[in-house]
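Biologist: Could you take me through this model and explain how each label is earned? I am new to this, so please go step by step.

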Amino acid sequence: PLASIALGQGRRERAEEILGNGTSLLLGLSVLLQTFFYLFMHPFLYFTGASDATYPYASAYLSIYLIGTVMVLITVGLTPFILIQGKTWIATLAVVVGAAANIILDPVFIYLFNMGVHGAALATVISQTMSAAFVLWYLIFKSDQLRIRLRRMRPRAKILLHIGSLGISPFVMSITESIISIVMNSGLRTYGGDLYVGCLTIMQSVMQFIGVPITGFTQGVTPIISYNYGAGHTDRVKKTFRATLVILFAYTSSLALLSMLFPGLCARIFTESAELIALTERALPIFMAGMLIFGLQRACQTTFLALGQAKFSLFIALLRKVFLLVPLALILPRFMGVFGIYWAEPIADVTAALTCGTLFLCNFKKILARPPKS
C-alpha cells in the first residue's frame, strides 16, 4: 500500500525506496526465522499440536521446508510489488510457475523416488525457489516502473517504521490463525478428543477453501485503492470500495451457505470416516455461520489497510481473533461442553464484522478528506 500511494503521488523514487527497504527486511527476517525454528523446532512443534505419533513427520517436513524460508518470503513478499505496477499476468505467472512445479514434483519425489514426507518438503522448496527466481529476475532486470536497486536497499528507519506499523495488521491476522489453532486444538483434546480435533481440521480447511480466493482478490484490489488515494481520486476509491463490498459479501455468504446446507459433502472431500462425517455434519453449519457476513469485515479491513490506516486495521485484526475468539474458545466450553469451542468462531466473526462496519461508516469520509501521509 505504501508503494502504491507513492506511485499515485508520482513519487517513483520513494516507491523504489520502499521496495528496497522491504526487500532488505524480507532477507533479514528469513534468516532470523530460519535460525529460530531450527533451534526450537522440537518444543515448537509440540506446542502447536504435534504428538509422539505425528512429530517424526512434522519434523521431517519442517527440517527441509525451512531451507526454503528465504524463497517463500521473497515470493510472497515481493509479488505484490509486481501487482501494483498493473502487471497482473506477470504476478500470476510467478505464482503459477511454483504451483505447477509443486504439482508435478510432489508425486515424483513422494512416490517415484519413495521419499515420503521428505519428498513433499523438497518439492515445495524447489517450487518456491523457481517462483522466487522469477520474481527477482523481473524486479531486478525487467520492471519498467519499480526495480530492486542496491542503493535503495540501505535501511531507513522512517520507511521501516511505516512498513512495520502498516504491516503489523496482516501479520497479526496471520499469526493469530496459528494461535487460534493451538487454543482450539488444546480445548478439543481436553473436552472431546482426537475425533473433534479432526473435525476442526476439516472445517478450517473448508474455511480456507473460501478464504484463499478472498486473499487473492484483496491483494489485487489493495493497490488500486492505494494508488487512487495517493493520486487524490477519492471518487474512484469510493467506487472501488463499493464493488469490493458487493463482491466479497456475495462470495462469502453464498459459499458459506452452501457449506452449511451440504456439510456432509464437504466432509467427504477430506475423510471416509463415517463417525467424523457425522460429527462434521453437526458442527459445520455452526462453525460457518459467521462467514455469512464476513465479506463486510474483509472489505472494510482491506480498505483501511489500502488507505494506510494502521491503527484501524490493527484493531480489527486483534478484535476478531485475540479479543474475541481466544477468550470465547476458553470460556464457552465450560458452559456448553465441547461444542462451545465451535460456537466461538461464529460469535467472534459476527461481532467483529459489525464492529468493523460501524468503524468504517464513521471514519471513511474523514480519512478521504485528509491527504495521505508521505
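Modeller: Gladly! Keep in mind that this is a predicted model. Let's begin with Cys199, which is in contact with Leu276, Leu279, Thr280, Ala283 and Tyr342, leaving aside neighbours within four places in sequence. Cys199 itself is found in helix H9.

Biologist: Why is Cys199 called buried?

Modeller: The relative accessible area of Cys199 is 0%. Buried means under 20%, so Cys199 is buried.

Biologist: How do you know that Cys199 has no bond to the closest cysteine sulfur?

Modeller: We look at the distance. The closest cysteine sulfur belongs to Cys266, and it is 12 Å from the sulfur of Cys199. A disulfide needs the two sulfur atoms within 2.5 Å, so this pair is too far for a bond.

Biologist: And what about Cys300: what keeps it out of a disulfide?

Modeller: For Cys300, the nearest cysteine sulfur is that of Cys356, 4.5 Å away. The cut-off is 2.5 Å, so Cys300 is in no disulfide. A search of the whole structure finds 0 disulfides.

Biologist: Is Cys300 buried or exposed?

Modeller: Cys300 has 2% relative accessibility, so it counts as buried.

Biologist: Let's turn to the helices. Why are H9 and H13 called oblique?

Modeller: Their axes come within 9 Å and cross at roughly 40°. Angles under 35 degrees count as roughly parallel, and 65 to 115 as roughly perpendicular. The angle here falls in neither group, so H9 is oblique to H13. H9 also passes H13 in a right-handed crossing.

Biologist: Which residues of H9 and H13 meet there?

Modeller: From H9 come Ile214, Thr215, Thr218, Val221, Thr222, Ile225 and Ser226. On the H13 side, they meet Phe294, Arg298, Thr302, Thr303 and Ala306.

Biologist: What makes H11 and H12 oblique to each other?

Modeller: H11, residues 263-270, packs against H12 at an angle of about 130°, with the axes 8 Å apart. Roughly perpendicular covers 65 to 115 degrees, and roughly antiparallel starts over 145. The angle of about 130° lies between those groups, so H11 and H12 are oblique. H11 passes H12 in a right-handed crossing. The contact is made by Pro263, Gly264, Cys266, Ala267 and Arg268 of H11, together with Ile277, Thr280, Glu281, Leu284 and Pro285 of H12.

Biologist: Which residues touch the most other members of the largest nonpolar core?

Modeller: They are Met184, Leu188, Met203, Met288, Leu307, Phe339 and Tyr342, out of 57 residues in that core. Helices H8, H9, H10, H12, H13, H14 and H15 each supply at least two residues, and H9 gives the most, with 13 residues. Apart from this core lies another, of 26 residues, among them Ile82, Leu83, Ala94 and Phe134.

Biologist: What does Leu188 touch?

Modeller: Not counting residues up to four places away in sequence, Leu188 touches Gly193, Tyr196, Val197, Leu200, Val338, Ile341 and Tyr342.

Biologist: Now some polar residues. Why is Asn102 called buried?

Modeller: Asn102 has a relative accessible area of 18%. The limit for buried is under 20%, so Asn102 is buried. Its place is in helix H6, residues 88-112. Beyond its neighbours within four places in sequence, Asn102 is in contact with Ala123, Thr124 and Ser127.

Biologist: What makes Arg149 partly exposed?

Modeller: Arg149 has 25% relative accessibility. Buried is under 20% and exposed is over 50%, so Arg149, in between, counts as partly exposed. Arg149 sits in the loop between H7 and H8. Setting aside residues up to four places away in sequence, Arg149 touches Arg12 and Glu16. Arg149 and Val206 are 57 residues apart in sequence and 41 Å apart in space, C-alpha to C-alpha.

Biologist: One last residue: how do you know that Asn114 is exposed?

Modeller: The relative accessible area of Asn114 is 68%. Exposed means over 50%, so Asn114 is exposed. Asn114 lies in the loop between H6 and H7. Its phi is near 55°, a positive value in a residue other than glycine.

Definitions and conventions: Residues are numbered from 1 along each chain as its sequence is written. This is a predicted model: local features need pLDDT of at least 70, side-chain atom pairs count only at pLDDT 80 or more; totals for chains, interfaces and linings use all residues. Side-chain values use heavy atoms; hydrogens and water are left out. A nonpolar core is a set of buried Ala, Val, Leu, Ile, Met, Phe, Trp, Tyr and Cys residues joined through side-chain atoms within 4.5 Å. Buried means under 20% relative accessible area, exposed over 50%, partly exposed in between (1.4 Å probe, protein chains only). Helices (H or I, at least four residues) and strands (E, at least two) are DSSP runs, numbered from the N terminus. Contact means heavy atoms within 4.5 Å. Axes are lines fitted to C-alpha atoms, for helices over the stretch in contact, and angles run from 0 to 180 degrees between N-to-C directions. A crossing is left-handed if the near helix is turned anticlockwise from the far one by less than a right angle, and right-handed if clockwise.
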